Structure formats: C-alpha cells, structure tokens
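Grab a coffee and open the viewer: here is a short set of exercises, each with a worked solution. Try each one yourself before you read on.

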Amino acid sequence: MTSQTQASRGFRFSGRRLAEDTATYVVLSVVLLIMMTPILWLILTSIRPLVEIASTRLILIPRRLVLDNYLAVFRDYEMAAYLQNTLIVCGGVIATNMVIGPPAAYAMSRYSFRGEKAVLFGLVFMRMIPLVAVILPLFIIFSTLRLLNSYAALIIAHTAFKLPVTIWLLRAFIADLPRELDDSARVDGASPLGVIVRIVIPLIKPGLAATAVLAFLATWNDLLVTLVLSNTIKTEMVALGLTKFVLEYGVAWGPLTAAGVLMFIPTVVFVFIAERYLVRGLTMGAVKE
Amino acid sequence: MAGPAENRIIGIESRREHITLRSRLDAWQARYAPYWLLLPALGIIGAVLLYPLVHALYISFLDYKLARSARPFVGLGNYIEAVTSASFGTVLAQNIIFAVVCILVEFTVAMSTALLLNRQFRGRAIYRVFFLLPMLTAPVLAGFNWRWIFNDRFGLMNQIFIGVGLAPQAWLVEPNLARLSIVIATVWQGIPFVMILMLAGLQALPQPPFEAAIVDGATAWQRLRLLTLPLMRPVIAVALALRIIDLFRVFDVIYIMTLGGPGHATELLPFYIYRAAFSQSQFGLASALSWITVFITIVMLIPLFLNERSGAESEKLNA
C-alpha cells in the first residue's frame, strides 16, 4: 500500500467520522431537548407573571421575570414546613441506613451461612412487591401504635423500604475489596464490627456516598408513604405538599411550579456533584464490571 | 479485659486460659457473626415489609372494612370477588398493555441513545449528566410537569397545536389521549434508566470480537444484531425485569395526572388497590388485590429468569 492511498483513506475516514459525529450531536441534541422540555417548562412557568401562565398562545421566554410564585409558596402555602419535615425524615433515613446497612452488607458478602440464600432472595423479593400492598397493613399497624403523623413512623417505614437496595449495593462494593485486608485484621484479633468500622467503611466511601444519595432521593421523592402515614402539617413531606396546590377551583400553577423547582434542586445538585457514583449505584448488579 | 501488661504479671498459666477463652469467643463470634451483623437490618425489614405483607395475606381472607369492627373470615371470597369483577379484568389488561407499550418505547429509544452515547466524542459527559435528570425527578413532579404540559387550556402541547394551526385537544379527558399522556410521562422517566443500564452494558462489552468482526468486514448493523445484542442479553434481561416490576408499581403519575380517569381509562393496578383500600375502605379486597399483583409480577418474571438461566448454562458449555 503506497503512502498516497493511505493518506486518502485516512482523509476519507476522518470525513466520514466528522459526518458521523455531526449526526450524533444532532440526534442526541434533539432527544435531549425533548427530554429537558418538561423541566425547562417548569422553570419558565415558575418565573412568569400570571397573565402569561393563563395564556392560550405560546410565549416561550417570559417578558418579565417574576418571583412572586416563590414568595407565595412560603407566604400562602406551607412549603417551609414541607421542606423541613422532608429534610428531617431524609436525614433520619440516611443515618439509619448508614448504621444498619454496612454490617448487614458485610455479613452478606464475607460470610457463608445457613439461610444466606433465603436472605438474598428476600432482598430481591422486597424490590418486587408493590408498595401499596405493604402500606395498607402498615397504616393499620402504625395507627394501632398511635404512630401516624410522627417522624418516627416515616423514618422507620422509609428505612425499611431503602435497606434492601442499600444492602444489595454495599454488598457489591464490599465484594470488590481484596479479602486479605479484612482477613489479616481478623487474624490480628479485630472483631467483625471493628473490621467494618476501621477497615471496610473507609474503603467503601464511594459506595456509601452512592447509596446515601439514592436513599435520600428516593425518600425525598416519595409520595405514597407520606400520603398514607401523615395527614397533618406536622409531618407532611414535600411530595404531598405539591398536591396542596391543587385547589377546589383549579390548580395554582404558578406557586405549584415554583414549589416544583424547589423540590427539584437537590436532584440537580446530586446529579451534578455525584454523577459517577450515582451511575455506579444505579447500574451495579445489572452489569458485571 | 486483661491488657498485655497485666497478662505478663499474672503469668503463663492464666494467660493460656485467657487465650483459650478468647479463641472460644472468636469461634463463637465467627460462627454467629453474620447473624448478629444482619439482625438490625432483618429486624426492621421484617417488621416493616415482611410482617405487613403476611398481615395483608391474613386480611385478604377477611371481610375487613375499616369502619366496622366485625371482620368475619370469608376464605377466598375476596379473591373470587376481585377476579370476577369486570373492572379488575379491565385494569389488569390495561396495566399489561401499558407495560408492553412503555417497554417497547423505552428500550427502542434507550438502546439507540446508548449506542450514540457509547461513541467517543467531545461533550459526551454533559449529555450523560443531563439524561439522568428525568429519571431522578420525583414521580409526583413528573406527573405535575406533564399534567401542566397537557393542560387543555393553557398547556404547552395545545399552545403548540394552536401555533401550527391544529385544533387543541382534551389530552387528559379523552380516554385514548389520556392513556397516551400517561405513557409519555412514564417513558420520560423510564428511558434514562434503561439508557444508563444499556450504556453500562455497552461499555463492559469485550472488544476483541468487535475488532475481529470489523476485520471480517461486518457492517455496523450486522455487528449490532449478531454481536452487541446477544452479548448484551444479561443486561437487557435485568433491565426488562426491573422495568416490568416498576411498571406494575406505577402510582404517583396516575394519582397526579388522571386519578385513573376518565372512567377507568387510565387506571392501573396500584391505584386500583389504593382506591379499594382508601376510598371504598375495603381492606380485605384491597389486600387480596395486592397479593394477586405480587403473584402476577412473579409470573411475568419467571420466563425471563428461566431464559436467562438457560442462556447462562449454554454460555458455560460454550466456554
């Protein structure tokens, strides 16, 4: 093969490559624009004056930036309480998951014991059941215990709902650690709990971050648990709060979209600061790496 | 506990005793360690998930209405009532069709997008980050987003329709349009999830077969059909299983967008169960419906599981 043909081939390839790249950009940008539309529209609606919200004609960019809706959600609605309740419950759920999850995950990945298969199957099964099926008897149980409308009920329920995923993910992260590390520590006389606290936890920090973020978002986003287990402002969470903008005579779209944007902020923050861990957490188990 | 210095003073005899005691303790710990390490987790999962499930099973055999204190045993009465009622058949069929349509749309779009995102190009990471946003949006918020877009008077969809000279539509009122709206809201969250799994699968593919295929002159389409898809089978199976499970758990979007209406047009199983329990306060019937849903989900996953197992077996044989 002469150098000339090689050069022309190289040129043809790069030309084709350019065309392919351009097509990739165009297609992906169109898909992305469609996917982002609901979010962009939410943000745009939240900063519009009322006349523009109640318009049958398409107005893409708001003519005037209005922050009334953001004031209204705190002044006319109980957004502050919803956010506070949700943060408290989320904090509780992350704490319990981070304390209870690692030892369980460690047991699942480092020991073989009688009933191991049953536990493993149970964890997968818990991912399958419709939550409606559980929430109904849970409502009866919590109302018998007089725990409805308490943070405790919400934290306990959410903790249990998140634990199977937490254990499942942490188990995979621990399995990735070289066994010699904790074996040698155990030979030196450290107790299992000591090994977990001093050796395992520092090494699976990315895993803990991923599971904490996933547990946070799942709790933050949940409607069903708060819908059934709380019916006073004392414990209502933000997802249920959004439904309070549906009024008798219609939906208060301005304040609702403002509240929606506020609810969306943690999602954006976590996606941008922890994208790699999030993806790892979401795909772990499905793909062998 | 005796420190090392103390041991030295006490002498060799008791030290040996200490060691045997300690090793016995170690043996005990090692033997039962997995159990006590798991105990808190299993305790709370048992109390909050497993026990209620079993309790639901028990309730499903009772004529359990919240307002009434008498709860007579009715055997399979609730199950018979559930299965024979006309609305259950409609809702079940609707949920199955809904799941099939969503899965077809999600996997087609997600696979195409993942194949594009798997190419090396500048700015890839940014696209990938933004694609995550819809799936991590609260389903409640997704429901409201789309309810607003499909609003018949001021919604974006009708604004666009009027803008291009089409008649505005009653999106959430006309049964088939309402079904379409629900599917759109659901796949909006499902596509990114499937896409992320597919992308991870693509990135984990072994390179040599593809290099060999290129040398042999296989076209891109052939490589996709004969190499990528078969090699991706385990990932696709997991994604399918997770989506089937979740598409039989869709609640928030229905609750926010249509409340199952118009009529039963967009009613899916979880919302149907919720209504039986909390609007009609028929807890017995609702519990029976819950268990029927669990059963149906498992039945749907069996072929997938068996297929995957036989696939793994034959792979093992080939290797």
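**Exercise 1. In what order do the elements of chain B run from the N terminus on?**

Before starting, keep in mind that this is a predicted model.

Step 1. Walk along chain B from the N terminus, and the elements read α-α-α-α-α-α-α-α-α-α-α-α-α-α.

Step 2. Tally them: chain B has 14 helices and zero strands.

Step 3. Now look at how the chain packs. Chain B has 319 residues, and 47% of them count as buried. Among its contacts with a separation of 6 or more, 65% are between residues 24 or more positions apart.

Step 4. Finish with the surface: about 15,700 Å² of chain B is accessible, and carbon and sulfur atoms hold 67% of that area.

**Exercise 2. Describe the interface of chain B with chain A, from its area down to a single residue pair.**

Step 1. Start with the residues: 93 from chain B are in contact with 92 from chain A.

Step 2. Add the area. The two chains, B and A, bury about 8,400 Å² between them, and 80% of this is on carbon and sulfur atoms. On the chain B side, the residues that lose the most area to chain A are L37(B), L136(B) and W148(B), which together make up 9% of what that side buries.

Step 3. Turn to the polar side of the interface. Between chain B and chain A there are 12 residue pairs in polar contact, counting pairs with both residues at pLDDT 80 or more. Helix α2 (residues 12-59) of chain B gives the most to the side that touches chain A, namely 23 residues. Sorted by class, that side of chain B has 71 nonpolar, 13 polar and nine charged residues.

Step 4. Count the salt bridges: there are three between chain B and chain A. In one such salt bridge, the side chain of R119(B) meets that of E20(A), with 3.3 Å from N to O.

**Exercise 3. Which residues does F251(B) touch, leaving out those up to four places away in sequence?**

Step 1. Find the residue: F251(B) sits in the loop between α11 (233-247) and α12 (252-257) of chain B.

Step 2. List the partners by chain. From chain A, F251(B) touches V132(A), L223(A), L224(A) and L227(A); from chain B, it touches P270(B), F271(B) and Y274(B).

Step 3. Check the burial. F251(B) counts as buried because its relative accessibility is 4%, and the cut-off for buried is under 20%.

Step 4. Take one distance along the way: E267(B) is 16 residues from F251(B) along the chain, and their C-alpha atoms are 9.5 Å apart.

**Exercise 4. Compare the surroundings of two chain A residues, S46(A) and T166(A).**

Step 1. Place them. S46(A) belongs to helix α1 (residues 3-46) of chain A, while T166(A) belongs to helix α7 (residues 151-175) of chain A.

Step 2. Are they buried or exposed? S46(A) is buried, at a relative accessible area of 0%, and T166(A) is buried too, at 2% relative accessibility.

Step 3. Collect the neighbours, again skipping residues up to four places away in sequence. S46(A) touches V66(A), N69(A), Y70(A), G254(A), T257(A), A258(A) and V261(A). T166(A) touches N97(A), G101(A) and T211(A).

Step 4. Zoom in on one of these neighbours: the side chains of T166(A) and N97(A) make a polar contact at 2.7 Å.

Terms used. Residues numbered from 1 in each chain as written. Chains lettered and ligands numbered in written order. Predicted model: local features only at pLDDT ≥ 70, side-chain atom pairs only at ≥ 80, totals over all residues. Heavy atoms only, no water. Contact = heavy atoms within 4.5 Å. Buried area = accessible area lost by both parts, 1.4 Å probe. Salt bridge = Lys/Arg side-chain N within 4 Å of Asp/Glu carboxyl O. Polar contact = N/O pair within 3.5 Å; in protein donor to acceptor, adjacent residues only side chain to side chain. Helix = DSSP H or I, 4+ residues; strand = E, 2+ residues; numbered from the N terminus. Nonpolar A, V, L, I, M, F, W, Y, C, P; charged D, E, K, R; others polar. Buried < 20%, exposed > 50% of the residue type's maximum accessible area, 1.4 Å probe, protein only. Areas by Shrake-Rupley, 256 points an atom, 1.4 Å probe, with all protein chains shown as cover.
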